[in-house]
Amino acid sequence: MKIMATFDGSKFSESTLPQLAQMARMPGAEFVLVRVADLPEGQAQKAGPPPPVSVVVSGSATFVQPADSPIVETKSQAVERILAEMGDYLRDVATRLPPGPGYRFEARVSDDAAAEIIRLALVEQPDVIVIATHGRTGVVRALFGATAEEVVRSGVAPVLLVHPEEVRHRRAADGR
């Protein structure tokens, strides 16, 4: 059974780990652990405070030339760094699951996490997608969460929605 499990890097999304640990005991279980992050904005990020300037005074004219500030990283370097960090995160998540099943990691950057999860599911053809839900406002979003809702609506695979304890406790306190 191929299980695709999504994470956003939060403890909230890791609330699926107990269910995943149970699934890992199934014969033939294989996992695709997925994390999708937002694309970094901008073209390049510059370091720290404004750079010093060079001032040359000649008679009645003053020439001011700012010193070049070093670029910390380009957008493509930022994407590479984010992908590496997400890969490390997913490997760490796998260490908290039982040994035995095959674990693969898919780190992606996109401006639409749900669409990226759906695209990956079309390629991977999982038997089930496991997603933690955030329980946001609105009837549908309260049940599924925005990303989870889009993945469920896509019909690309069955989806196991996990409501973390904090959501269940909040709903019980609110009388829902």
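User: In what order do the 5 strands of the open sheet stand?
Analyst: This is a predicted model, where local features need pLDDT of at least 70, side-chain atom pairs count only at pLDDT 80 or more, and totals for chains, interfaces and linings use all residues. Residues are numbered from 1 along each chain as its sequence is written, and side-chain values use heavy atoms, without hydrogens and water. Strands (E, at least two residues) and helices (H or I, at least four) are DSSP runs numbered from the N terminus, and two strands pair if DSSP finds at least two bridges between them. The pairing is parallel, and the order is 7-2-1-8-9.

User: Which strands are the edge strands?
Analyst: An edge strand here pairs on one side only. That holds for strand 7 (102–109) and strand 9 (159–162).

User: What does the twist average from one strand to the next?
Analyst: Axes are lines fitted to C-alpha atoms, for helices over the stretch in contact, and angles run from 0 to 180 degrees between N-to-C directions. From one strand to the next, the twist averages 20 degrees.

User: What angle does helix 5 make with strand 9?
Analyst: Helix 5 (residues 146–154) packs on the sheet. It touches strand 8 (128–132) and strand 9; contact means heavy atoms within 4.5 Å. Its direction makes an angle with that of strand 9 of about 160 degrees.

User: Which element gives the largest share of the largest nonpolar core?
Analyst: A nonpolar core is a set of buried Ala, Val, Leu, Ile, Met, Phe, Trp, Tyr and Cys residues joined through side-chain atoms within 4.5 Å. Of the 20 residues in the largest one, Ile3, Phe7, Leu20, Phe31 and Leu33 touch the most other members. Elements giving two or more residues include strand 1 (2–7), helix 2 (75–95) and helix 1 (17–24). The largest share, 5 residues, comes from helix 1.

User: Why are the buried residues of helix 1 on the same side?
Analyst: Buried means under 20% relative accessible area, exposed over 50%, and partly exposed in between (1.4 Å probe, protein chains only). The buried residues are Leu17, Leu20, Ala21, Met23 and Ala24. They lie on the same side of helix 1 because their arc around the axis, taken from the directions from the axis to the C-beta atoms, is only 160 degrees.

User: Which residues on the other side of helix 1 are exposed?
Analyst: The buried residues are covered by elements including strand 1, strand 2 and helix 2. On the other side, the exposed residues are Pro18 and Gln22.

User: At what angle do the axes of helix 3 and helix 5 cross?
Analyst: Ala113, Ala114, Ile117 and Ile118 in helix 3 meet Thr147, Glu150, Val151 and Ser154 in helix 5. The axes come within 8 Å and cross at roughly 35 degrees.
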